[in-house]
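Grab a pencil and keep the picture open while you work. Try each exercise on your own before you read its solution.

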Amino acid sequence: MNYINGELIEPRAKSFLENINPAEGKPYSLVPDSDAEDIQLATEAAQRAFDGWSAMPVEKRSATLQKIADLIDRDLDQLALAESTDQGKPVKLAKAVDIPRASANMRFFATGAIHFASEAHITGHEAINYTTHTPVGVVGCISPWNLPLYLFTWKIAPALAAGCTVVAKPSELTPMTAFLFSKLCIEAGLPKGVLNIVHGVGPKAGQAIVEHPDIVAISFTGGTVTGKKIATTAAPMFKKLSLELGGKNPNIVFADCDFEQALHTSIQSSFSNQGEICLCGSRIFVERTIYDRFVKEFVSRTAKLTVGDPHDEQTKIGALVSEAHMHKVLSYVELARQEGGKVLTGGRQVKIDGRCTNGYFVEPTVITGLGHMCRTNQEEIFGPVVTIMPFDTEDEVINYANSTGYGLSATIWTENLKRAHRVAAQLKSGIIWVNCWLFRDLRTPFGGMKQSGVGREGGWEALRFFTEAKNVCIKI
Ligand code: NAD
């Protein structure tokens, strides 16, 4: 059901899509196949709600959003199960990471908005300038399938906290947590029309959000090709745009690293969430003097990762999100072979006994023997597939790391502080992790360089994005 004007309603055309459980390879619910008419209804509701929500004292807005966070915490188990059933990830992971982060997103922006300050600038003895930030209006938030509720809330929380009203669309592949979230919004007493969640496919419901003349800003997370299409539509309409797109992130391991820590975390940064995290380090560069040892250990530990039923506590690698995506990932393994790569472990579909026999499981895969410019090392695969390549010098590895069109994140493993700073400064990525991965302080700006995105989310940047700055200059 869509959540429009505070109510759960069917799409106007009564058209639905099947929602597939990827671990079982069969449908388990229906999802509205909404169209421009549903987006129109949602936008009208958001417009009606805007004056009341934007004028509401920020403490009251904040309290409602924090109530929603409390309800997410209360329903942790149910939401984690839904996230796993939609997306294929281990329930344990959804419970430990995705859902707690969704509630943290709500809480972070709800409290952040209270502290969001206006600025004043004294210009010599001549003038005082003050700058206010007012909510921009009705905004569109469009999110992907890989971290469903986590990324959905990452977009809508700052928008709502800033005082905007929202028309949001989760991925059609993973709609269930957003549906459950809409019920929590009703229970928390979110005024009707403040948030409207419309389900459906990108080219229809998503495109209608982007095209709607009364939706003045678009916050999008998804693939680079989709981002380009959205920019083509929204930019000539002078909409504010935040695009968080794909990645092909380098993971650089210098010989002077803490070997065990680098190895352990590199396994996580390669295969967490089946490698379906935009921040996964899919290209591992290892200094030649430790290359053989690293590859041997990495392959041996990868081969031991349990691929299996997402309900099973022991499972490390669940199902890929869809059959089409599984075939895409496997086609890249084939491409790697054609390009001269050697598959050291993995590379095949896995058949699981029991309820998951028709699921979309792929072995974690390690490939060596490829150059940094081949397609396997240039294109985003977004699955449990990594390549490992040797390097000799710092300059050489910086060149390899920066050689793709993407620039989302990078990881550096070294115990040499000067080297860490030197290399970090030269990498063209929005986030650099040194001796860690996926460590996030929500106050820091988040986003990619080059084709990984435009704009920054997180902290004040996100709250600012959903506001319009106005400066008043007074001559004194
Ligand atoms: P996608 O681009 O196919 O879809 C993302 C969302 O956009 C979905 O809700 C989809 O329905 C919608 N959409 C598709 N076409 C649209 C259109 N023409 N107009 C409006 N909306 C449209 O991406 P995906 O396959 O769901 O997600 C995987 C991609 O997301 C990967 O490339 C990954 O790297 C990227 N991603 C980036 C980040 C980040 O923060 N940079 C985070 C997570 C995922």
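Two strands count as a pair if DSSP finds at least two bridges between them. Keep in mind that this is a predicted model.

**Exercise 1.** Work out how strands β12 and β13 are joined, and in which sense they run.

*Solution.* Start by finding β12 at residues 250-253 and β13 at residues 283-287. Next, count the bridges: there are four, and the two strands run parallel. The cut-off is at least two bridges, so this counts as a pair. To check one spot, look at I252, which sits opposite F285 in β13.

**Exercise 2.** Place β12 and β13 in their sheet, and say which strands stand at its edges.

*Solution.* Write down the strand order first: β14-β17-β18-β13-β12-β20-β21, an open sheet of seven strands with mixed pairing. Now go to the ends. β14 (342-345) and β21 (431-434) each have a single partner strand, so one side of each has no neighbour in the sheet. Last, add the twist, which averages 25° from one strand to the next.

**Exercise 3.** Find the partners of strand β7, and decide whether its faces are covered or open.

*Solution.* Take β8 (residues 165-169) as one partner: β7 pairs with β8 in the parallel sense over five bridges. Within that pairing, V138 has T165 as its bridge partner. Then turn to β10 (residues 217-221), which also pairs with β7 in the parallel sense, over four bridges. Here C141 is matched with S219.

Now add helix α5 (residues 148-162): together, β7, α5 and β8 make a right-handed β-α-β unit.

For the faces, split the strand in two. V138, G140 and I142 lie on one side, V139 and C141 lie on the other, and all are buried. That fits the count for residues 138-142, where five of five residues are buried.

**Exercise 4.** Sort I474 and K67 as buried, partly exposed or exposed, then look at what goes with each.

*Solution.* Buried means under 20% relative accessible area and exposed means over 50%. I474, in strand β24 (residues 467-475), has 37% relative accessibility, so call it partly exposed. Along with Y130 and I476, I474 forms a nonpolar surface patch of about 280 Å² of accessible area together.

K67 belongs to helix α2 (residues 58-74). Its value is 35%, so K67 is partly exposed too. Finally, compare sequence with space: K67 and A188 are 121 residues apart in sequence, yet 5.8 Å apart from C-alpha to C-alpha.

Note on methods: Residues are numbered from 1 along each chain as its sequence is written. This is a predicted model: local features need pLDDT of at least 70, side-chain atom pairs count only at pLDDT 80 or more; totals for chains, interfaces and linings use all residues. Side-chain values use heavy atoms; hydrogens and water are left out. Buried means under 20% relative accessible area, exposed over 50%, partly exposed in between (1.4 Å probe, protein chains only). A crossover is right-handed if, with the strands pointing away from the viewer, the path from the first strand over the helix to the second runs clockwise. Patches are made of residues with over 30% relative accessible area and no salt bridge: like charges are joined within 9 Å, nonpolar side chains (Val, Leu, Ile, Met, Phe, Trp, Tyr) within 5 Å. Accessible areas come from the Shrake-Rupley method with a 1.4 Å probe; for residues, only the protein chains shown count as cover. A salt bridge is a side-chain nitrogen of Lys or Arg within 4 Å of a carboxyl oxygen of Asp or Glu. Axes are lines fitted to C-alpha atoms, for helices over the stretch in contact, and angles run from 0 to 180 degrees between N-to-C directions.
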